[in-house]
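Ready for a few short exercises? Keep the structure open beside you and try each task before reading its solution.

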Amino acid sequence: MRCGALFGREDLDIITPAIQTAQSEGIQAGGPWPADTVFMRARAGAFDAVVAQYHDQGLIPVKYLGIEHGVNITIGLPFVRTSVDHGTPFDIAGLGTAGHTSLLAALTHADRLSSGPPGRP
């Protein structure tokens with residue numbers, strides 16, 4: 001459902017043309033999708049990735065859906081860059097209580113990304 005630019009023209013003037021450019025380059029891109037539903041669809045496997053336009057739009061659902069598995073993947077760089085999505089837990093640094101799940105998820109994604117697309121030598 002489109003809002004007809006009631007809340008700004010970014011989707012019409014910036015996001016949609018960017019998606020069309022990506023599609024013309026052979027990238028399977030879609031959207032723009034409403035932020036209140038896209039993350040649940042992604043969790044169900046509808047997308048390989050969701051690109052959020054700003055920090056809170058993406059991070060709030062990631063924390064809700066499972067911050068311990070959230071991975072920040074920086075796209076558009078000439079190298080693979082991943083990090084844990086929760087930031088540095090300074091409040092528990094040195095206590096021996098930090099979990100490793102987020103770091104493992106970030107490393108696993110980095111390994112997959114550095115191997116290239118599935119089915120490609």
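Below are three exercises on this predicted model, each with a worked solution.

**Exercise 1. The overall layout**

Describe the secondary structure of the chain, its order, and the box that its C-alpha atoms fill.

*Solution.* Start with the count: the chain has 4 helices and 2 strands. Next, read from the N terminus, where the order of elements is α-α-α-β-β-α. Then take the principal axes: along them, the C-alpha atoms fill a box of roughly 50 × 40 × 25 Å. Finally, look at burial: of the 121 residues in the chain, 17% are buried.

**Exercise 2. A residue in a nonpolar patch**

Where does Ile75 lie, and is Ile75 buried or exposed?

*Solution.* First, place Ile75 in the chain: the residue sits in the loop that links strand 1 (71-73) and strand 2 (82-84). Second, check its relative accessible area, which is 63%. Exposed means over 50%, so Ile75 counts as exposed. Third, look at its partners: Ile75 joins Val51, Ile73, Val80 and Leu113 in a nonpolar surface patch of about 460 Å².

**Exercise 3. The second largest pocket**

Which residues line the second largest pocket, and how do they divide by character?

*Solution.* Begin with the volume of this pocket, about 160 Å³. Now go along the sequence and collect the lining: Ile67, Glu68, His86, Pro89, Ile92, Ala98, Gly99, His100, Thr101, Ser102 and Leu103. Last, sort these residues by character: the lining holds 5 nonpolar, 5 polar and 1 charged.

Definitions and conventions. Residues are numbered from 1 along each chain as its sequence is written. This is a predicted model: local features need pLDDT of at least 70, side-chain atom pairs count only at pLDDT 80 or more; totals for chains, interfaces and linings use all residues. Side-chain values use heavy atoms; hydrogens and water are left out. Patches are made of residues with over 30% relative accessible area and no salt bridge: like charges are joined within 9 Å, nonpolar side chains (Val, Leu, Ile, Met, Phe, Trp, Tyr) within 5 Å. Accessible areas come from the Shrake-Rupley method with a 1.4 Å probe; for residues, only the protein chains shown count as cover. A salt bridge is a side-chain nitrogen of Lys or Arg within 4 Å of a carboxyl oxygen of Asp or Glu. Buried means under 20% relative accessible area, exposed over 50%, partly exposed in between (1.4 Å probe, protein chains only). On a 1 Å grid over the protein atoms alone, a cavity is a set of points where a 1.4 Å probe fits but cannot get out, and a pocket is an open set with protein on both sides within 12 Å along at least five of seven lines; lining residues have an atom within 4 Å of a point. Grid points are joined across faces, edges and corners, and a volume is the space filled by probe spheres set on the points. Ala, Val, Leu, Ile, Met, Phe, Trp, Tyr, Cys and Pro count as nonpolar, Asp, Glu, Lys and Arg as charged, and the others, Gly among them, as polar.
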